[in-house]
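Biologist: Could you take me through this model, beginning with its internal spaces? I shall change topic as we go.

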Amino acid sequence: MVTTHPIPITWDIFCKVVDNYGDAGVCWRLAKILHHEHGLHVRLWIDDLSTLRALVPALDMALPVQDVEGVRVCCWSESAEVAADATAVIEAFGCGLPDAYVGRMAASALPPLWIVLEYLSAESWVDTHHGLASPHPQLSLTRYFFFPGFTPATGGLLCEADLLARRDAFDAASRRAFWNGVGFAVPEPSTLTVSLFAYADAPIAGLLAAMAEGSTPVVAAVPSGQLTAAVRTFFGAADDASETAWRRGALEVRALPFLSQTRYDELLWSCDINFVRGEDSLVRALWAARPLVWQPYRQEDGAHQRKMEAFLAHYGVGLDTAAADAMQSFWQGWNDGPAGEAGAMWPGLCAMQGVLASHAGRRGQELQGLGQMSARLVEFVRNKVE
């Protein structure tokens, strides 16, 4: 339900959409958790309402300011009037803040606490940079850098308080309801079920060919997005065709509608292997405790490769050598290998699916010990302002 009544504002989150739904997804999820679980009044400033609306259907594109699910959503434009009256300001992923807003912060007798929420990384330097302060070069303001991460020295991972309980309660009937709700029957028990979420440059054709030529029946679920066109091309389907499923050899591909954040979690819980991309879906796949394949956001300086290698090194702790080699080889082929390499590595990854599933469960339990990122963020702010 959308309302427009005024609420007191104590936290501001600023978000610029760069990585399709990833930036908006993280910020929206964080805003909701801060409000619903920590009792905070949150204002989300976002420069692309249309992207957020895909995740939040209740959003009214005609309203520049509105309250949705307890969060005040504001269109961040050059003409927007932004009052610097918050207790804390979250600059998501180094997106910057409006100059006028920063000026009002500096002029305030009690400036808001300014936090730069950084991208997720398992690189070792994150531990020593989390929480560091950076004075503004011209104004009497200080920014603090908050790094999500995978060790106790970082800010942890974003997770709703009830997420793991909901995951554990997701049973066979829930799985059937999910598949029926997106227009399909439940895959047969002997089928390997895979979710495919990746950027448009992923080597999808080689992977689909390997799945089709394999001996194991595969159902691949592709949520509406950047892979849809490549899947249609692989099957020779017209762009305007009405089909939502295609078959070749051992492979069935199902084109799913756009999924809400809640429904996307259910997809991850319904699958044996999850292909994810960026940050938000990686974290959700970790909490799903299923084998995963990650495609980080590609960067020209090769930073994505370093991020992937660091995460593999961290995530693979305790995994036996054969399974670790299979996972690393496939991930390398999926992200930066020549055309067809990921497909060639697919049988090796499938052979280790059971070992990887056990490992994913153990790693998920270990990550729970880090605590919730939102709670760490609230504690960080409280310690600075009190």
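**Cavities, strands and a pocket**

Modeller: The largest cavity holds about 90 Å³ of space. A cavity is a set of points on a 1 Å grid over the protein atoms alone where a 1.4 Å probe fits but cannot get out. Its volume is the space filled by probe spheres set on the points, with grid points joined across faces, edges and corners. This is a predicted model, in which local features need pLDDT of at least 70, side-chain atom pairs count only at pLDDT 80 or more, and totals for chains, interfaces and linings use all residues. Residues are numbered from 1 along each chain as its sequence is written, and side-chain values use heavy atoms, with hydrogens and water left out.

Biologist: Which residues line the largest cavity?

Modeller: The lining consists of Val26, Arg29, Leu120, Pro148, Leu157, Leu158, Glu279, Asp280, Val283, Arg284 and Met373; a lining residue has an atom within 4 Å of a point. Helix H1 (21-38) and helix H10 (280-288) are the elements that give two or more residues to this lining, and H10 has the largest share, with three residues. Helices (H or I, at least four residues) and strands (E, at least two) are DSSP runs, numbered from the N terminus.

Biologist: How many of those lining residues are charged?

Modeller: Four are charged, seven are nonpolar and none is polar. In this scheme Ala, Val, Leu, Ile, Met, Phe, Trp, Tyr, Cys and Pro count as nonpolar, Asp, Glu, Lys and Arg as charged, and the others, Gly among them, as polar.

Biologist: How many cavities of 30 Å³ or more are there?

Modeller: There are two. The second largest cavity has about 40 Å³ of space, and its lining is made up of Leu120, Ser121, Ala122, Phe150, Leu282, Trp294, Lys307 and Phe311. Six of these residues are nonpolar, one is polar and one is charged.

Biologist: Back to Leu158. Where does it sit, and is it buried or exposed?

Modeller: Leu158 lies in the loop between E9 and helix H5 (163-168). Leu158 counts as buried because its relative accessibility is 7%; buried means under 20% relative accessible area, exposed over 50% and partly exposed in between, with a 1.4 Å probe and protein chains only. Its C-alpha lies 6.3 Å from that of Ser374, although the two are 216 residues apart in sequence.

Biologist: And Ala153, where is that?

Modeller: Ala153 also belongs to the loop between E9 and H5. Ala153 is partly exposed, at 38% relative accessible area. Its C-alpha is 7.7 Å from that of Thr128, 25 residues away along the chain.

Biologist: Changing topic to the strands: how many residues of E7 are buried?

Modeller: In strand E7 (residues 113-117), five of five residues are buried. Leu113, Ile115 and Leu117 are on one side, with Trp114 and Val116 on the other, so to speak both faces are covered.

Biologist: Which strands pair with E7?

Modeller: Strand E6 (residues 88-92) runs parallel to E7 and is joined to it by five bridges, with Ile90 opposite Ile115. From E6 the chain passes through helix H3 (residues 99-107) to E7, in a right-handed β-α-β crossover. Right-handed here means that, with the strands pointing away from the viewer, the path from the first strand over the helix to the second runs clockwise. E7 also pairs in the parallel sense with strand E9 (residues 142-146), over four bridges; two strands pair if DSSP finds at least two bridges between them. Between E7 and E9, Leu117 has Phe146 as its bridge partner, and Ile115 stands opposite Tyr144.

Biologist: What joins E8 to E9?

Modeller: A hairpin of six residues does so. Strand E8 (residues 133-135) and E9 are antiparallel, with three bridges, and Ala133 stands opposite Tyr144.

Biologist: Lastly, how much space lies in the largest pocket?

Modeller: About 350 Å³. A pocket is an open set of points with protein on both sides within 12 Å along at least five of seven lines. The lining has 24 residues, and Tyr21, Leu55, Phe197, Phe258 and Tyr264 lie nearest the centre. H1 gives the largest share of that lining, four residues. By class, the lining has eight nonpolar, ten polar and six charged residues.
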